[in-house]
Amino acid sequence: MIKKIFTLCSILFAFHFVVLAQNETVKPLTIGEIRTVKSKILNEERILNIYLPQGFDKTKSYPVIYLLDGSMNEDFIHVSGLVQFFNQMYAMPETVVVGIANVDRKRDFTFHTDLKDLQKDYPTTGHSDKFISFLEKELKPYIETQFKTTDTYLFGQSLGGLLATEILLKKPEMFNNYFIISPSLWWDDESLLKQAKELLGKSSDTRKFVYISVGKGEHPVMVKDAESIYDILKSSGKKNWTVEYKMMEGDNHATILHRSLYEGLVKLFPYKETK
């Protein structure tokens, strides 16, 4: 008897889903656009994954986050979700995210080194100057012709954090806000870190927000270098620069990005009290 009842229930259950399938409507789920642009500087095509806020309006102006490691299988989807959450629950305005899909991050995010071991391990290395020119002279102007923009952000982790630090020190005017997560400042025997004070002396004091974080579970050199660049920036005398640092107690190099960005955005955008 029980077996018959079970069989009957199974048949009804299957029939229910057949009926649903016959009446379903399937549409693609989209959160933005995928664009392919040709870079003359890099001499290659680059894919941009672009998150657009719900109800995006071309007549309105939006802040823009430029996300390094912005491929679909890297950080684009979860960072876009974080931005949407902060817009809903915190005081963050609607924001466009431009995820820059990688072609060769070791080539694009590192500057030249004469160290033989690094040249061996990273054979394509040393072309961050071209990638920075691509950002400054091609990508940003392109985005600004496609969207009305306000504040700009640069998000970078690991080698992306190295690149973000290089831009902050050498061309700080390129972005208003820098999120530098677990920067690989060990690169080239810490040469960028050693130049930091001199480079900062040449830069302007226009408004900046700089957030640096590192995981407590990361390599001690990563922790030391992140703390060092924070100390250098904090003592640089830039009165209009807000510099924040966060040691992520429960994170390592693989887990740090999402929670770290969350903590950094909280510094900028407080919780919205709802009535």
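## A pair of residues to start from

Tyr 62 stands opposite Thr 149 in β5. These two belong to a parallel pairing in which strand β3 (residues 61–67) and strand β5 (residues 148–157) are joined by six bridges. Two strands count as paired if DSSP finds at least two bridges between them. Helices (H or I, at least four residues) and strands (E, at least two) are DSSP runs, numbered from the N terminus.

A word on what you are looking at: this is a predicted model, in which local features need pLDDT of at least 70 and side-chain atom pairs count only at pLDDT 80 or more, while totals for chains, interfaces and linings use all residues. Residues are numbered from 1 along each chain as its sequence is written, and side-chain values use heavy atoms, with hydrogens and water left out.

## The chain as a whole

The chain has nine helices and eight strands. Its C-alpha atoms fill a box of roughly 85 × 45 × 45 Å, taken along the principal axes. Of the 275 residues, 47% are buried, meaning under 20% relative accessible area, with exposed over 50% and partly exposed in between (1.4 Å probe, protein chains only).

Contact here means heavy atoms within 4.5 Å. Among contacts between residues at least 6 apart in sequence, 73% join residues at least 24 apart.

## The sheet

Eight strands make up an open, mixed sheet, and following them across gives the order β1-β2-β4-β3-β5-β6-β7-β8. At the edges sit β1 (32–39) and β8 (241–248), each of which pairs on one side only. Neighbouring strands are turned by 20° against each other on average, direction ignored; axes are lines fitted to C-alpha atoms, for helices over the stretch in contact, and angles run from 0 to 180 degrees between N-to-C directions.

Over at the β8 edge, β7 and β8 pair in the parallel sense over eight bridges. Lys 208 has Trp 241 in β8 as its bridge partner. Between these two strands the chain passes through helix α8 (residues 220–234), giving a right-handed β-α-β crossover: with the strands pointing away from the viewer, the path from the first strand over the helix to the second runs clockwise.

## Helices on the sheet

Helix α5 (residues 128–146) lies across β1, β2 (44–51), β3, β4 (96–100) and β5, and runs at about 50° to β2. Helix α6 (residues 159–170) also packs on the sheet, touching β5, β6 (177–181), β7 (208–215) and β8, with its direction at about 145° to that of β6.

## Helix α7 and its partner

Helix α7 (residues 187–200) has 14 residues and spans 19 Å from first C-alpha to last, close to the 20 Å expected at 1.5 Å a residue; the expected span is 1.5 Å times one less than the number of residues. Its buried residues include Trp 187, Leu 192 and Leu 199, and among the elements covering them are α4 (116–121), α6 and β8.

The axes of α7 and α8 come within 10 Å and cross at roughly 5°. The two helices are therefore roughly parallel, since angles under 35 degrees count as roughly parallel, over 145 as roughly antiparallel, 65 to 115 as roughly perpendicular and the rest as oblique. Residues making the contact include Leu 193 and Ala 196 of α7 and Ile 229 and Leu 233 of α8.

## Two residues worth a look

Most residues other than glycine have a negative phi. Asp 188, which is not a glycine, has a positive phi of about 55°, and Glu 190, also not a glycine, has a positive phi of about 60°. Asp 188 lies in helix α7 and is buried at 16% relative accessibility. Glu 190 is found in α7 too and is buried, with a relative accessible area of 18%.
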